[in-house]
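Reader: Hi! Could you pick one part of this model, walk me through it slowly, and then show me how the rest fits around it?

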Amino acid sequence: MTWPDIFPNLLIGLREGLEAGLVVSILLAAVRKAAGGLQDGAPGGRASRISAAPIWLGVLAAVMLSGSFAAVLTFSTDALSSRAQEAVGGLLSVFAVALVTAMIFWMRRAAAGMTAHLRGEVARATAIGAGALTITAFLAVGREGLETTLFLWTTARASGQTAGPLVGAAAGLAAAVVLCWLLYRRAVKLNVGAFFNRTALALIVIAAGVLAYGLGELQDASFLSGQRWIAFDLTAHAQPGSWWVSLITGITDLSPKMTVLQVVAWIAYAGVVIPAFVKAGRSIAPDAAPISAGSLTAGGLAAGGPAAPGSRAATGIARRWDRLAGRRPWAVAGVLVVIPALAACATIAALPAASSASVTTVTVTRTACAPDWTSAAAGTQTFTVDNSSGLPGEINLDDTSGDIVAEIETIGPATSAQLTATLSNGTYVFKCFMGALPATASQPVQVTGGSSSAATSRSASSPVSSGPIAVKPVTVAELSGPDKEYEAYAAGQLTQLAQAVTRIQADLRGSDVAAAKADWLTAQLDWERVGASYDSFGNLGLAVDGLPDGIPGGVNSNDFTGLHRLEYGLWHGQSAASLLPVAATLASDVAIVQRKLTSDDLAGDPTNLPIRAHEILEDALRDHLSGIDDQGGGAAYAETYADLQVTEAVLGYLTPLLNARQPGMPAIAGGQLAILKQALLATQVNGQWESLTTASISAREQVDSAIGAALETLSAVPDLLEVPPTH
Amino acid sequence: MTVSRRNFIKGTASGAAATALAGGVLIGGARADGETAKSTGPVTHYSYPFHGTYQSGVLTPPPAEKQHYACVAAFDCTAANKAELALLMYELTNRAWFLTTGGTPPDLGVGQPPSDSDVLGPTVPADGLTVTLSVGSSLFDDRYGLANRMPLKLTQMPPFPNDFLEPAWLHGDLLLQLCANHPDTVHHAIRDITKHTRSGMQLRWKIDGYGSPPRPSGTARNLMGFKDGTANPTGTLAGDLVWVNDPAEPAWAQGGAYQVVRLIRMLVEFWDRVSINEQQNMFGRRRDSGAPLDGTSEFDIPNYAADPHGYVIPLDSHIRLANPRTKATAGQRIIRRSYNYDLGVDENGNLQAGHIFIAYQQDIQRQFETVQKRLINEPLVDYVQPFGGGYFFALPGVRNVNDWYAQDLLA
């Protein structure tokens with residue numbers, strides 16, 4: 001809530017409140033005068049009929065009408081799609097501008113004759129009955145009330161928040177009431193005409209902004225063309241939330257990015273209406289006496305001219321209705337008060353309930369997390385989370401045990417994003433982690449009307465669970481233990497790898513290519529079991545296990561090093577002597593990996609461990625089983641088998657954490673890995689691994705099927721064990 | 001009521017002026033919308049001009065409205081000499097002109113097989129076909145005596161780190177990009193063109209592509225499920241970034257454009273097993289709306305200055321590396337006109353599917369290569385495997401009925 005958001009509505013509230021208040025004041029004064037006159041000149045029977053009560057009833061009815069209108073606007077547009085909301089918002093904005101413009105000019109013209117006109121109405125009411133007085137007050141105040149409501153609603157939409165505009169309007173109305181009371185009591189003097197003239201100019205500027213905003217909404221809704229014909233876009237320069245942007249956008253409703261249509265409309269409206277207003281003032285001014293405070297009092301009224309007959313020519317029907325209503329002020333008031341309220345309730349009740357439950361907007365501020373979330377129904381639903389905190393952050397929806405049901409991992413400042421959650425019976429709470437601020441939470445909301453437990457049905461394609469489950473957040477500390485176990489496992493494999501590389505070097509020195517090939521396979525499988533999938537060991541991993549692809553010069557490049565370089569040489573008839581330097585480089589690179597194994601860049605970051613649980617085998621599917629990394633050794637199945645072994649180890653280390661979140665999941669994954677193991681072993685003939693090209697189609701399909709099934713299950717591990725980021 | 005003539009004229013004039021203003025703004029807006037057409041997606045046109053300063057199929061129709069179907073075919077020239085190469089170009093011009101205009105194929109009588117396959121019926125419709133012809137650097141070797149006439153920035157596409165290039169899917173002397181509203185039109189075109197050019201060129205590799213409609217709105221999605229092409233430059237900006245106008249370039253090359261084609265396998269099974277947070281952090285956009293992670297809707301401009309550490313949009317995310325949105329990198333932007341492809345089954349039983357990346361620009365080194373080098377080792381590389389494509393130079397347009405492809409080059 002900022003001052004710039006308050007100002008336009010303060011002005012509107014003050015002006016419209018003053019207009020309505022003046023009408024009421026004049027009516028009250030006229031009634032007092034009329035009542036006094038009657039008492040003086042006629043027997044009392046009539047006088048008791050003319051009290052101030054009918055006027056106040058009319059005012060009350062008008063307030064009810066405005067309130068009902070506001071409620072209908074708010075609730076009905078919430079139920080609309082965003083495009084329809086834009087369309088309705090745009091149309092109402094344009095309508096509000098038309099009303100305000102008409103009001104400004106009407107005030108200018110009518111100011112002079114208003115007192116006389118209203119006195120005539122009072123006189124008519126005394127003749128017809130008090131009910132007419134109620135209607136007069138109702139019409140006068142109701143019109144201003146509807147205008148205020150509409151304008152307030154559109155400016156609130158334009159500024160994207162409700163608190164500032166509401167406070168502004170309330171303050172303006174309160175000031176107007178106090179001012180009217182003081183004027184009525186003759187405590188202050190105010191040149192009302194001058195007041196309306198001066199505020200009118202400010203109002204025209206505001207209305208121009210609302211017009212531009214409304215046209216922009218209609219363009220967003222594709223009701224008008226030109227949404228992408230941008231006149232200027234300062235969003236890159238204007239820091240949203242900076243004071244001067246708020247000041248300009250708040251007061252004028254202009255935005256840092258406007259289409260040509262918006263700019264043209266703004267200039268055209270201001271350029272036509274302001275001169276027209278000034279000109280109208282000049283032509284009227286000489287013979288229009290501004291309403292002064294004096295004219296508001298009974299004395300002032302008495303000094304006015306004779307009562308003019310109602311300027312709006314009343315038809316016969318209206319007259320008859322006047323007479324009918326005139327005798328029953330309480331009934332009229334009752335009808336006027338009750339009908340708008342009933343109509344509003346009926347309209348709101350008739351709105352589709354489902355849509356308002358399925359899309360809910362919740363707001364995040366610096367101090368509050370979804371304070372507007374108060375109720376929810378069971379089932380799958382989408383929330384629009386509006387981030388007004390000015391900071392990036394994470395939004396979680398948690399159940400009673402603190403498990404996460406849904407999340408927006410990153411939401412930018414001054415943006416909104418969708419969050420989809422499936423809720424069952426129970427209590428839920430939004431948690432907001434915005435920047436470095438302390439975490440905030442919404443009030444707990446009880447969900448009822450759904451099934452009593454989370455979805456438990458299972459399907460064939462997903463053996464674990466078909467419904468969404470809530471996930472207990474994991475901490476780095478919880479993952480540290482398992483990661484240490486993995487490091488120890490990998491260190492053991494690296495020791496074996498170093499020994500195998502030493503043997504390769506000996507083989508090559510002895511020019512024993514056959515032995516070198518066998519030891520290469522051992523070394524390659526040792527490396528696979530280190531679990532350095534997907535560049536998770538960075539450039540060091542590439543030095544040990546890189547491929548020629550992507551290197552200019554390919555297999556002949558000096559940048560092609562490591563196990564696959566050896567494989568290429570051994571299977572492409574390169575001399576043992578020429579491969580000795582390759583093996584030596586490999587030995588030193590392996591030594592570096594051994595030394596740095598526990599650094600964060602290699603195996604030391606515990607948050608990478610859950611990713612390893614599925615990516616080692618993804619690596620096998622992508623690089624080995626596709627044949628893409630085969631440099632002649634034909635070891636795809638052997639390598640995949642080694643990847644399976646390290647995956648089983650990693651899964652074992654993570655099993656307690658996984659079972660705490662999705663009981664039984666590791667067992668299911670373990671079963672699928674066992675099937676993969678069988679399928680892989682079935683590609684061996686006489687204890688020797690077949691290559692991709694020599695294995696039968698059926699054996700290949702068994703392997704591809706088993707690894708795919710295991711991966712579909714294992715892919716949940718990083719989601720189940722995700723450490724929330726820090727913003 | 002009396003209306004003075006003066007007031008009548010005044011009123012009429014101001015009414016007319018207001019109507020003209022409102023109409024002008026709305027029509028201008030509709031035109032601007034049409035130019036970007038970002039919310040309406042592809043517009044089906046019956047035909048696009050064949051003759052002009054620039055070839056169609058680059059910015060005509062604009063990428064956001066590109067035809068739904070495409071074929072990218074690379075050829076090696078078998079023409080024996082420069083004269084035969086000129087004849088090939090002349091024949092290609094005739095075929096492209098006929099196919100993109102439509103009409104009735106000639107009747108060859110009973111003495112030979114029919115002149116047309118009738119795949120599109122007796123009368124060939126234009127069906128939004130565009131034929132875009134490009135040349136590769138290999139055309140400028142010693143075969144045709146063109147070595148000193150090569151566009152300045154044209155080279156053979158080098159391998160980039162993380163590429164898995166397969167020679168059978170790389171390079172070529174010529175490249176045809178055929179785009180049309182229906183796949184049979186594309187097929188008919190390549191079949192007709194090869195029928196008439198057998199002796200002059202041979203197919204080296206060919207891949208068919210398809211575009212997606214907006215789902216549900218805005219820019220079309222790629223096979224990773226993300227909106228792709230949101231930040232494509234449009235309108236005059238696109239023209240300024242695409243057409244070659246450097247005086248240092250050969251005169252014949254003015255009005256052409258450098259073209260990069262990359263055939264990128266997407267490991268869609270693997271991708272589908274990646275958490276949504278990781279997916280979104282890799283792209284830097286939300287998958288549902290296409291909004292940048294710091295925005296609300298697709299076309300919101302990411303504000304990197306407000307997020308120097310990448311807490312909201314990671315520093316190594318695709319959109320941030322590809323287009324840092326700084327003054328210095330503005331001239332590096334490219335115009336992407338990409339398609340999806342489906343190509344059967346991979347060795348490991350996975351779908352062979354992905355992305356035919358087609359980019360046009362003024363200068364490959366300044367634009368594509370600079371951007372591509374920033375993208376080396378972006379997290380996304382684990383899920384894609386570029387395996388083919390090449391660098392090409394899209395010829396200037398065939399200006400009129402007396403002109404033909406590469407006339408100025410071969411003159």
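Author: Let's start with a term. A helix crossing is called left-handed if the near helix is turned anticlockwise from the far one by less than a right angle, and right-handed if clockwise. Keep in mind that this is a predicted model.

Now use that term on chain A. The crossing of α16(A) and α18(A) is left-handed. Two other numbers go with a crossing like that: packed helices are described by the angle between their axes and the distance between the axes. Here helix α16 (residues 538-545) and helix α18 (residues 576-596) of chain A pack at about 145°, and their axes are 9 Å apart. If you want to click through the contact, Leu540(A), Ala543(A) and Val544(A) are the α16(A) side, and they meet Leu586(A), Asp589(A), Val590(A), Ile592(A), Val593(A) and Lys596(A) of α18(A). Sorted by class, that patch has seven nonpolar residues, no polar ones and two charged ones.

Nonpolar residues bring us to the cores. As a general rule, nonpolar side chains in soluble globular proteins tend to be buried together. The largest nonpolar core in this model has 100 residues, and Leu654(A) and Ile707(A) have the most contacts inside it. Helix α20 (residues 636-661) of chain A gives the largest share, 14 residues. Apart from that core lies another one, of 78 residues, with Val124(B), Leu178(B), Tyr258(B) and Ala359(B) among them. Back to Ile707(A) for a second: leaving out residues up to four places away in sequence, Ile707(A) touches Leu617(A), Ala620(A), Leu621(A), Leu625(A) and Leu676(A).

So how do the chains meet? On the A side, 46 residues are in contact with 39 residues of chain B. The elements of chain A that give two or more residues to that side are α8 (260-284), β7 (404-411), β8 (416-423), α19 (609-624), α22 (697-714) and α23 (717-720). By class, this side of chain A has 18 nonpolar, 18 polar and 10 charged residues.

Over in chain B, there are nine helices and nine strands, and 47% of the 411 residues count as buried. Leu178(B), named above as part of a core, belongs to strand β3 (residues 174-180) of chain B, where seven of the seven residues are buried. In a regular strand, side chains alternate between the two faces of the sheet. In β3(B), Leu174(B), Leu176(B), Leu178(B) and Ala180(B) point one way, while Leu175(B), Gln177(B) and Cys179(B) point the other way. Strand β1 (residues 69-77) of chain B runs antiparallel to β3(B), joined by seven bridges, and Ala70(B) stands opposite Cys179(B). Strand β2 (residues 130-136) of chain B also pairs with β3(B) in the antiparallel sense, over six bridges; there, Thr130(B) has Cys179(B) as its bridge partner.

One last stop is Gly102(B), in the loop between α2 (82-101) and β2 of chain B. Gly102(B) is partly exposed, because 16 other C-beta atoms lie within 10 Å. Not counting residues up to four places away in sequence, Gly102(B) touches Ser47(B), Val124(B), Pro125(B) and Ala126(B). Gly128(B) is 26 residues from Gly102(B) in sequence, with 9.8 Å between them in space, C-alpha to C-alpha.

Note on methods
Residues numbered from 1 in each chain as written. Chains lettered and ligands numbered in written order. Predicted model: local features only at pLDDT ≥ 70, side-chain atom pairs only at ≥ 80, totals over all residues. Contact = placed C-beta atoms within 7 Å. Helix = DSSP H or I, 4+ residues; strand = E, 2+ residues; numbered from the N terminus. Nonpolar A, V, L, I, M, F, W, Y, C, P; charged D, E, K, R; others polar. Buried ≥ 20, exposed ≤ 12 C-beta atoms within 10 Å, placed from the backbone. Pairing = 2+ DSSP bridges. Core = buried A, V, L, I, M, F, W, Y, C linked by C-beta atoms within 7 Å. Axes fitted to C-alpha atoms, helices over the stretch in contact; angles between N-to-C directions.
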